[in-house]
Amino acid sequence: MEATAPLVVAAAAAGVAAAACCCQPTLRPAAPRIPRPAEFRRKREALVRGGARNLAVISDFDRTITRCFTAAGERCQSCYNVADGALTPEMAAYKQEVFEHYFPIEKDPNLTVDEKRPFMLEWYRKSNESLVSGGFRRDSLRSAVSEAVAQRRLELREGFGALLASLQAHRTPVLIFSAGISNVISEIFAQLLPSVPLAPSTQVVGNTMTFSDDGVLTRFEDPLIHMFNKNQSVVPAGSQRRHVLLLGDGLGDVTMADEAATEPEIILKIGFLNENVEGLLPQYEAAFDMVIVGDGSFSPVADIVQAVINSD
Ligand SMILES: [Mg+2]
């Protein structure tokens, strides 16, 4: 019989301090929360029975694969923040101008998603076009990533490298899916995970910059990926798997596996609720099968993947 109270996996006592925390990094991450234990067990057991040959992983990047806070307690930079380091002063000023115009629209509680969508598209297009017309350069992007990595302005979540290596060793499709810039994500991986080069089974899908032979940005490839179309309709067709392990830190991430040509039979959804835990926990527990709170590690995800791999 399904318990009515959310199940908290082992070491519950360790989670008390983190669950009460709303905006600071935690030294002792809380145990993952499982709001519907019977449903979680059913999905987990199906994934384990199906083994690695039936599994695909779909993961958001910013503050899912990266941490929300660095070890020094600073907020981690997103891949767009990192790319800002490559902007000229003119590009940065224009970016700020459009931000001030469109950000209030994005956050307007009186507008529906459908009403916001055209404005969000306009925002992305204007920002992207300003980079093309401003002569954005690939070498500036690489230096911006190197600088962010050297200054530890972003860090990968603990356990991600080992998890990726394990998934790649079993040729499990991994889709790293972002409304950010795919070139930045690939460069971050190359610099932070040199021992785990991305295998053909791993795909990074985001907004992709195309450069000329002499390294100047010529265009962003279609389709434009933003917070309201981040689903399989914008992902090139790849190998379809029956089971999906979905990882994200935003409520919008729960639909990343939707709109596929063939719907997966099982989608086990794991959410990272990094901050404002008390305020957002009910929504995250409604949307995800497991919620990792307080900027926690990949360890609960790795446990599931290991069980799936071991069953082969
Ligand atoms: Mg994110």
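Strand β4 and strand β5, residues 202–207, pair in the parallel sense, and the pairing runs over 5 bridges. This is a predicted model, so please take everything I say as computed from that prediction. Within this pair, isoleucine 176 has valine 204 of β5 as its bridge partner. To get from β4 to β5, the chain goes through helix α8, residues 182–192. That β-α-β crossover is right-handed.

Now the neighbour, β3. Strand β3 covers residues 55–60, and its pairing with β4 is also parallel, with 4 bridges. Here serine 59 is bridged to isoleucine 176 in β4. Isoleucine 176 therefore turns up in two places: as the partner of serine 59, and as the residue whose partner in β5 is valine 204.

Is β4 buried or exposed? Of the 8 residues in β4, residues 174–181, 8 are buried. Buried here means that 20 or more other C-beta atoms lie within 10 Å of the residue's own. The strand is largely enclosed by the rest of the structure because of that count.

Next, the domains. The protein chain is divided in two: domain 1 takes 7–70 plus 155–310, and domain 2 takes 87–135. How far apart do the C-alpha centres of domain 1 and domain 2 lie? The distance between those centres is 26 Å. As for the contact, domain 1 supplies 9 residues and domain 2 supplies 9 residues. On the side of domain 1 that touches domain 2, there are 6 nonpolar residues, 2 polar and 1 charged.

That is what I have on the strands and the domains.

Conventions. Residues numbered from 1 in each chain as written. Predicted model: local features only at pLDDT ≥ 70, side-chain atom pairs only at ≥ 80, totals over all residues. Buried ≥ 20, exposed ≤ 12 C-beta atoms within 10 Å, placed from the backbone. Pairing = 2+ DSSP bridges. Right-handed = clockwise from strand over helix to strand, strands pointing away. Domains from an automatic or database assignment. Contact = placed C-beta atoms within 7 Å. Nonpolar A, V, L, I, M, F, W, Y, C, P; charged D, E, K, R; others polar.
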